[in-house]
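Student: I have a structure to go through with you. Let us take the strands and then one side chain.

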Amino acid sequence: MPTLRFAQAAASVALLVPSAAATPQADIAWQRTFESGTTDHAFPTAAAVLPGGDVVLAWATAAASGQPSQAEAWLARFDREGAELWRRMAPNPYGHSGGYRDVVPCPDGGTFSLLWQTVQKHDAAGTLEWSRPAGHVVALPDGGCAVTDSAGVLTSSVTRYDPSGAQVWSHPLMGETRTLEADSLGNVVAFGYNDLFHSNQPLPVLAARISFAGDLASTSCYLASCIHDGPRWFEDEHVWNHLFAVGGSALVDARAHVTMFLGDAFGASWEVHSFDRIGGRTWSLLSQNVAWSAYPEAAAVEPTGHVWMAGRSGPNFEEIGAARVDPLGNVEWSFVMPLPAGSMVQRVYSVELDPRGGAYVHGVLQSPQGGQPFVLALDTAGGASLSELPTTSLGGNFNGWQRTSLAVDQDGRVVHAQPVATGGGIGARFTSWVRGGQQGAAVCGAAVVNSTGQPGSLVALGTDVVTENRLTLVVADLPGTSLTLFLTGTAHQAVTSVPNSQGTLCVSGDIGRFLRPGELRFADDAGRASVQLDLVSLPSSSLGAVAAQVGETRVFQAWYRDANPTPTSNFTSSVAVTFR
């Protein structure tokens, strides 16, 4: 049992057997697996969800021996149902340390992405517009970006580029920048360290705040040699800038507040400090004041100011720890979750917020059976589960370059990237999950077997609550790449005499066909396709489009092409959903 600690009381949540209320079911909407096609490994390097729901995925190939090779770095964009929109390739001369490591949405619909020591700007169609030297990147409201760039040992710079890639301003900083953040107005916060803690000198932390216009409000770093002469911004430096830090990060929330995470060089203690929008310190949290044995490795901040932290715990890292802090710096709850016997946490990569509430912690653990990516689903009350989201074993031991990524869209759909064993090597597996479980009831009986030897199936995933407007149709066991048309009707009746078809049509009444842009699908190589419904606008043969109504029952089915053995068509199973 994970130990759950509140400020005033103790409680517990179940390990691997969560309550249904805390952790609803998750199902796969679509997945893609990429292989190198050679003896090289193919491994995922990044995944990001764009504001409109499209997904940008990145993977790379490198020699199985881990030596540098003239392999490839891939960047591709898919719609929210997994249809590929474009794909781009660049040389990957840096082996397992190469590939696109970050993808950041741009306000114009394009993306910024980091490839080795450069930032690349691609437009929405995937055209490379420009590239500049960079180590970190953050998008700015005008469509440009700010980047960091290493200028030598313990020296770096922060530079702002406009949407065309022209430099607007640049500031040198003494120290290595570890994270770069920006608020909604385009003000930039750079955070890092001087790796000279062994000299036993003060001011080991680099923290800088630069306005959108380029005013360096304050910096602080080793021996105060790069402190700006202008106004201070991070208040009470004597309180927080005293650890000999080589780690940590800083996050900016929707209120333009900065939350700073500091850890000492030896992993013995940590601190969290919060600053308001003008740099005033509002609260501090010290590890010695919290009954929580984990060491934070990843964090996220909600728009409300709530802070989520997660990391490894235990003498042999055999536990995962998580905590939530309120906007005043009070620990609402914290827990440590023991892993199965013989397992240890290798990496905690990040904490990703769910816009509908809760958060995900993801990383990789090592078990006696090999490496295993994990996704820890958290709710705001501290409920947690390791078993809800379906990851896949690595098929061997974990290696440091086998990174996982996770992103969440506005509807709560999760995109997860992980390495997976494929054909004796390693492939890149990307999966889109819909939470909420299956809705509705099967009608019209089993579907007719198709050329795969299996009947095509259809399920409705998500929720049947009309106001949430979050229901996805997923079909499986179709012939690979087959054209798929989703149907809906106000009633159901089994019809077996459909011309040029071997299957059974089930939908009846007012039948609507999903033929609008993005609704007609092609199954992937594994025979899976999906479409998210817009319950405000369901197709109708008589009215063009209608909204789903509370208490109404709708029947859904898919019609797809097949060759069994000659060209024909077939129908999937059907499901009737009564909306609430």
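Student: How many bridges join strand β5 to strand β6?

Tutor: This is a predicted model, where local features need pLDDT of at least 70, side-chain atom pairs count only at pLDDT 80 or more, and totals for chains, interfaces and linings use all residues. Residues are numbered from 1 along each chain as its sequence is written, and side-chain values use heavy atoms, without hydrogens and water. Strands are DSSP runs (E, at least two residues), numbered from the N terminus, and two of them pair if DSSP finds at least two bridges between them. β5 (residues 55-62) runs antiparallel to β6 (residues 71-78), and the bridges joining them number six.

Student: Which residue in β6 stands opposite Ala58?

Tutor: β5 covers residues 55-62, and β6 covers residues 71-78. Opposite Ala58 in β6 stands Leu75.

Student: Which strands stand at the edges of the open sheet β4-β5-β6-β7?

Tutor: The four strands pair antiparallel in that order. Each edge strand has a single partner, so one side of each lacks a neighbour in the sheet. The edges are β4 (41-49) and β7 (84-92).

Student: Is Asn92 buried or exposed?

Tutor: Asn92 lies in strand β7. Buried means under 20% relative accessible area, exposed over 50%, partly exposed in between (1.4 Å probe, protein chains only). Asn92 has 1% relative accessibility, so Asn92 counts as buried.

Student: In β30, which residue is the bridge partner of Ala359?

Tutor: β29 (residues 359-367) and β30 (residues 370-378) pair in the antiparallel sense over nine bridges. In β30, the partner of Ala359 is Leu378.
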